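I opened this notebook to follow burial, core packing and ring contacts, and I begin with a single residue before turning to its surroundings.

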Amino acid sequence: MAANDTIADMLTRIRNAGLSRHQTTEVPATKMTRSIAQVLKEEGFIGEFEEVGEGVKRNLAITLKYKGKNRQPLINALKRVSKPGLRVYSNRKELPRVLGGIGIAIISTSSGIMTDRQARRQGVGGEVLCYIW
């Protein structure tokens, strides 16, 4: 099924796989989903990810991380902020802090996809894609 909002689709697949305690999940491979997966990997929310499949049917196989003996997902919540019907932008002075800095906000800037902390450090604003904690 074709999804209009690939970011929301990616977040939903990661959330559902985590709640079901799956080891991996697959999401359609686009430049945006690759960039978001790279940020999640750098921040330690997911393990590895790799591109599988050929041609138009390429997917990202994302390895999820868990904590503790009863395998609680490392990602407690994912919230889509900017949607296709209502874009949410933030300048460099008003970048959001998620749970006082415990979580991250993923921002799409002119310098690429990055966390709110990196955007603050570089002094750039952009579109607030999602919150993760």
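Is Gly-103 buried or exposed? I find Gly-103 buried, because its relative accessible area is 0%, where buried means under 20% and exposed over 50%, with partly exposed in between (1.4 Å probe, protein chains only).

I note that this is a predicted model, in which local features need pLDDT of at least 70 and side-chain atom pairs count only at pLDDT 80 or more, while totals for chains, interfaces and linings use all residues. Residues are numbered from 1 along each chain as its sequence is written, and side-chain values use heavy atoms, with hydrogens and water left out.

I located Gly-103 in the loop between strand E7 (89–90) and strand E8 (104–109); strands (E, at least two residues) and helices (H or I, at least four) are DSSP runs numbered from the N terminus. Leaving out residues up to four places away in sequence, Gly-103 touches Val-98, Arg-117, Ile-132 and Trp-133, contact being heavy atoms within 4.5 Å.

I then looked up the largest nonpolar core (buried Ala, Val, Leu, Ile, Met, Phe, Trp, Tyr and Cys joined through side-chain atoms within 4.5 Å). It has 26 residues, and Ile-132 is one of those that touch the most other members. Helix H1 (6–19) supplies the largest share of this core, five residues. Apart from it lies another core of nine residues, Val-98 among them.

Last, I checked the rings: Arg-71 lies over the face of Tyr-66, 4.2 Å from the ring centre, the rule being CZ of Arg or NZ of Lys within 6 Å of the centre and within 35 degrees of the ring normal.
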